[in-house]
Amino acid sequence: MTRRALITGITGQDGAYLARFLLDRGYELFGAVRRVSSQPFLRLRELGIEQHIRFVPFELCEFGNLFRLVEETQPDEIYNLASQSFVHTSFGQPIYTAEANAVGVTRLLEAIRMVNPRIRFYQASTSEMFGKAQAVPQSEVTPFYPRSPYGVAKLYGHWITVNYRESYGLHASSGILFNHESPLRGMEFVTRKVTLGLARVKCGFQETLELGNLDVQRDWGFAGDYVEGMWLMLQRPAASDMVLATGRTESVKTFVEVAASAMGFTLAWEGQGLKMLGIDTRSGRRVVRIDQSLYRPAEVDLLVGDASKAGTELGWKPRVQFPDLVAMMAAADDRRVRDGSVVF
Ligand code: NAP
Ligand code: G4F
């Protein structure tokens, strides 16, 4: 029998890759989208799958809407990928972030409990919950210490998912995913900001790339690999929580260097701290500058995940390695900027 899935946040990076993954497996797919004034379907269009999805109106902060949505679509699986996903923004909008990322999860779980408790549920939890990391690497048993309103709200979303599983027997799993990127990544996030910015600098559309803290380290994987892990979690007989990560960590500075090299720059650093500059030694151009306003009130310095539970229980492992990920993103933005195609 054809299985039905509902994806919230389908217009985002992960939503697009997960939609393609589920369509390839024959799912009937409902895509939950909120009303926005710009074009929300560009990623789905880029993957060529927009016409295979039934779009339904959705807002995380509106219980009646969520309830009717679950009742009308009667899905077998719900993937809750929707959230206010920008960490920096969460410092300026902490209350809305909590409404969407914390209470929003409870709204969905309540709707599932009332409409059909057999629906399997995936919650998009995050390595940001580890924040000021209490162990290296971080796994399912590492204590949490979030460092942003985003991380705090996601931690509530994580625990309410665990609580509904333990209280009401829901098949509800929380995926604790480390940073995952792709050519479909939003341009507000540092990796995409770097690859798009460098491509624009190279073509003369932008003078310099302004960045914040270059010393922080992240465990960066490819989003296309991570959506398979989400699906695998919901195929298990019993729900549980899993870390998905590559186990390798790199600094933002290294990401910039590898991306710059892929774009044909020869980057050298001059100066220290806020005065540091990234110079292209061939042309002498100042390619990278530091902008203090891009620093966060509290930072997450080092994330690196241990995904051995997912390896053992799901048979999951990431395929794309860090250098190939950077090269893939750099090539996509280089091409887009040169041929003037739409960027999202
Ligand atoms: P993304 O590209 O920013 O997508 C977020 C999605 O949520 C978009 O479709 C957005 O809709 C939707 N959304 C935001 N607020 C909403 C609201 N109030 N009601 C309904 N929909 C709303 O994020 P992503 O990178 O794909 O990440 C997917 C999920 O995984 C997020 O929950 C994120 O927090 C979490 N996560 C991501 C990573 C990562 O590295 N990518 C790691 C760990 C966890 P619009 O298109 O209208 O903005
Ligand atoms: O790319 P980022 O904005 O991602 P961040 O904060 O790690 O959050 C992402 O990953 C989380 C998983 O750990 C997700 F839950 C979350 O939804 C999102 O997808 O920033 C990465 C690092 C930060 O430490 C930041 O301070 O890069 C540093 N950074 C330096 N300059 C910058 C910039 N970040 C951004 N966005 N823009 C800069 O100019």
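**Exercise 1. Which strand gives the most to the shell around ligand 1, and with how many residues?**

Solution. The model is predicted, so local features need pLDDT of at least 70 and side-chain atom pairs count only at pLDDT 80 or more, while totals for chains, interfaces and linings use all residues, and side-chain values use heavy atoms with hydrogens and water left out. Residues are numbered from 1 along each chain as its sequence is written, chains are lettered from A, and ligands are numbered from 1 in the order in which they are written.

Step 1: a residue is near a molecule if one of its heavy atoms lies within 4 Å of it, and 25 residues surround ligand 1, with Thr11, Asp14, Ser85, Tyr96 and Tyr150 coming nearest.

Step 2: helices (DSSP H or I, at least four residues) and strands (E, at least two) are numbered from the N terminus, and at least two residues of this shell are supplied by each of helix H1 (13–24), strand S5 (120–126) and helix H6 (149–168).

Step 3: S5 gives the most, with 3 residues.

**Exercise 2. Describe the polar contacts and the burial of ligand 1.**

Solution. Step 1: a polar contact is a pair of N or O atoms within 3.5 Å; within protein, one atom must be able to donate a hydrogen and the other to accept it, and residues adjacent in sequence count only if both atoms are side-chain atoms.

Step 2: oxygen atoms of ligand 1 lie 3.4 Å from a backbone N or O atom of Gly9 and 2.9 Å from a polar side-chain atom of Lys154, whereas a nitrogen atom of ligand 1 is 2.9 Å from an N or O atom in the side chain of Glu59.

Step 3: with accessible areas from the Shrake-Rupley method and a 1.4 Å probe (for residues, only the protein chains shown count as cover), ligand 1 taken alone exposes 900 Å², of which the protein buries 91%.

**Exercise 3. Describe the surroundings of ligand 2.**

Solution. Step 1: the shell holds 22 residues, and the closest are Thr126, Ser127, Tyr150, Arg296 and Glu299.

Step 2: oxygen atoms of ligand 2 are 2.8 Å from a polar backbone atom of Ser85, 2.9 Å from an N or O atom in the side chain of Arg218, and 2.6 Å from an N or O atom in the side chain of Glu299.

Step 3: on its own ligand 2 has 710 Å² of accessible area, and the protein covers 93% of that.

**Exercise 4. What is the strand order of the open sheet of 7 strands, and which strands stand at its edges?**

Solution. Step 1: two strands pair if DSSP finds at least two bridges between them, and the order is S3-S2-S1-S4-S5-S6-S11, with parallel pairing.

Step 2: strand S3 (54–57) and strand S11 (242–244) each have a single partner strand, so one side of each is left without a neighbour in the sheet.

Step 3: angles run from 0 to 180 degrees between N-to-C directions, with axes fitted to C-alpha atoms, for helices over the stretch in contact; the twist averages 25 degrees from one strand to the next.

Step 4: S5 and strand S6 (172–177) run parallel and are joined by 6 bridges, with Thr126 standing opposite Leu177 in S6.

Step 5: with contact meaning heavy atoms within 4.5 Å, H6 packs on the sheet and touches S5 and S6, its direction making about 150 degrees with that of S5.
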